[in-house]
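Let's take a friendly walk through a protein model, from its overall build to a few unusual spots in its backbone. Have a look at the structure below before reading on.

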Amino acid sequence: MKKNILILLLALLLGSTAFAQNATIKIDIDRTIGEIDPNIYGVFMEPIHFNGARMGLPDSVDFNTLYGTLYDPASSKANEDGFIKDYIDAMKELKITNMRWPGGNFLMGYDWKDGIGSKDQRPTRINLAWGGKDNNHVGTDEWMKLNKSIGSENVVAVNLGLGSILDAAYWVEYCNYKGGTYYSDLRAKNGHAAPYNVKIWDLGNEVDGLPWELGHKNADDYVETAREAAKAMKAVDPSIKLVGSGSSYYEPTGKWIDWNRKVLNGIGDKIDYLSIHRYWEGGSPDNYYAYMGDGAMDFDEKIKIVAGQIATASVQNDFKHPIHLSVDEWGAFARNFMAVLPIAQCLNSFIRHADVVKMANFTMLTSLLSNDPKNGTFKSPVFYTFKAFSNNCIGTSVDTYVSCDTFGTAQYRGIPYLDVTAVYSKETNKIVVNVINRHQDKAITADVISASGNFSGKAEASIVNSDDLKAPFDFASQAQYIPVTKEAKFSGNKLTYTFPPHSFTQIKASLAR
Ligand code: AHR
């Protein structure tokens with residue numbers, strides 16, 4: 001009997017040794033991936049309208065992401081332009097660099113000319129993409145004011161769905177032409193004499209989205225339309241940068257790959273970015289590992305494949321200019337902690353591919369704050385996670401070596417429990433290490449080794465985590481969402497830290513060199 005107990009204890013000991021979660025992370029700031037473009041910290045915004053029936057609620061419930069949420073001139077919380085100050089303050093705190101507007105699917109049925117001039121003269125239209133009515137009270141000049149108050153750039157998407165190329169060129173004229181033409185003078189008449197100088201313009205939205213997109217086109221037709229639109233828009237302002245609509249319709253036949261190839265070969269000479277959209281695709285959050293693992297692998301894979309396609313097309317066509325990747329819609333939408341690690345992992349993917357991903361737009365601006373219908377907005381772990389990246393991860397993305405245990409899903413094998421990126425700032429000589437421990441139950445202790453000099457000063461770890469992954473974010477708990485900050489101990493070039501299960505930790509340290 002005693003012998004049996006001994007064997008059992010030994011087996012348990014060996015078992016726990018086999019699952020010991022120790023890891024090594026090595027960072028060498030001389031092994032650089034690329035400069036992080038601050039434009040990866042952008043947002044996307046459009047008027048999405050939901051009625052109750054659509055949300056499984058009584059039909060009297062009516063919700064719009066823009067009207068009544070971000071824009072509500074009657075609210076005591078609105079600024080002089082009618083935008084809710086909470087959101088503006090939050091976007092400033094997040095240091096949001098750019099905002100892509102006015103859509104999205106909405107855009108492809110939108111006439112920008114409805115949204116200028118005196119508000120009481122603007123036509124009310126049916127929101128063709130999302131249903132409900134749109135009084136056009138937020139139009140070009142209001143979007144510009146919103147971005148001005150945030151301190152972000154405008155990225156304007158033109159309607160290449162149901163709209164015309166001529167209207168796209170006229171919109172560039174309204175925004176960017178200095179004066180003396182019909183639309184530039186109209187802008188001045190509307191109170192804005194100086195041109196807005198919008199630098200980046202999107203050529204449509206999700207044009208390959210056959211089942212849902214207004215004015216969907218096949219790849220050949222899109223190439224023709226986008227090429228001619230580029231010609232006309234650049235005739236108005238040759239300095240603008242253009243974003244081609246890459247695929248966002250990942251049906252299982254792989255046609256999305258053909259779409260990107262045709263668009264790159266067809267208009268690669270005209271565009272500066274190819275855009276893709278990807279929302280977290282991990283399946284049901286009830287299956288934790290599939291949700292975390294499949295979602296992360298899929299997201300990174302999309303970036304890698306499209307980056308390869310851009311490189312291929314650039315060589316085949318001998319393009320002399322770089323084409324970057326813009327992930328201009330992305331997000332994860334659980335209203336609990338299950339959204340947090342996906343968001344951190346997506347941001348890690350952008351940093352890992354900093355050489356090619358030069359713009360990204362989180363959907364939506366308003367989702368970066370939580371909203372309690374009775375008490376108003378509050379900052380959830382989603383806000384703090386985004387902030388940790390957008391405030392601290394500016395500089396050079398440096399390669400990381402990670403050795404740790406892995407897990408598998410039905411789709412992918414060998415997924416490391418730790419998802420790690422590192423960012424170095426020459427100006428401050430500081431290194432930021434972003435670590436997501438995807439293990440559901442185990443903490444992982446890692447040695448973080450700097451291959452290019454000792455750590456110096458004090459290192460700090462800030463942790464975003466929750467005991468209850470499924471608890472909805474709530475107004476009353478907002479104080480608990482503020483990341484916990486701890487000192488991270490190091491000796492020489494080795495910093496050892498234990499990353500709690502299902503957590504996002506950001507370590508900030510200085511290098512002695
Ligand atoms: O963000 C919601 C919608 O998702 C956008 O309008 C569209 O571009 C995407 O399909």
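Of the 513 residues in the protein chain, 55% are buried, where buried means under 20% relative accessible area, exposed over 50%, and partly exposed in between (1.4 Å probe, protein chains only). This is a predicted model, in which local features need pLDDT of at least 70, side-chain atom pairs count only at pLDDT 80 or more, and totals for chains, interfaces and linings use all residues. Residues are numbered from 1 along each chain as its sequence is written, and side-chain values use heavy atoms, leaving out hydrogens and water.

How many helices and strands does the protein chain have? There are eleven helices and 26 strands; these are DSSP runs numbered from the N terminus, with at least four residues (H or I) for a helix and at least two (E) for a strand. Along the principal axes, the C-alpha atoms fill a box of roughly 90 × 55 × 45 Å.

Contacts tell us how the chain folds back on itself. Among contacts with a separation of 6 or more, 75% join residues 24 or more positions apart; a contact means heavy atoms within 4.5 Å. About 21800 Å² of the protein chain is exposed, and carbon and sulfur atoms supply 53% of that area. The areas come from the Shrake-Rupley method with a 1.4 Å probe, and for residues only the protein chains shown count as cover.

For a closer look, try Ser349, which sits in helix H10 (residues 340-352). Is Ser349 buried or exposed? Ser349 is buried, because its relative accessible area is 2%. Leaving aside residues up to four places away in sequence, Ser349 touches Phe299, Asp300 and Ile303.

Now for the backbone. Most residues other than glycine have a negative phi, and most peptide bonds are trans. Here are some spots that depart from those habits:

| Place | Feature | Value |
|---|---|---|
| Gly103 to Gly104 | cis peptide bond | omega near 5° |
| Thr363 to Met364 | cis peptide bond | omega near -15° |
| Glu206 | positive phi | phi near 40° |
| Asp318 | positive phi | phi near 55° |

Where do these residues lie? Gly104 is in the loop between strands S5 (98-101) and S6 (125-126), while Met364 is in the loop between strands S13 (357-363) and S14 (370-372). The loop holding Glu206 runs between strand S9 (200-203) and helix H7 (219-236), and Glu206 is buried, with a relative accessible area of 8%. Asp318 lies between helix H9 (288-316) and strand S12 (324-331), again in a loop, and is partly exposed at 49% relative accessible area.
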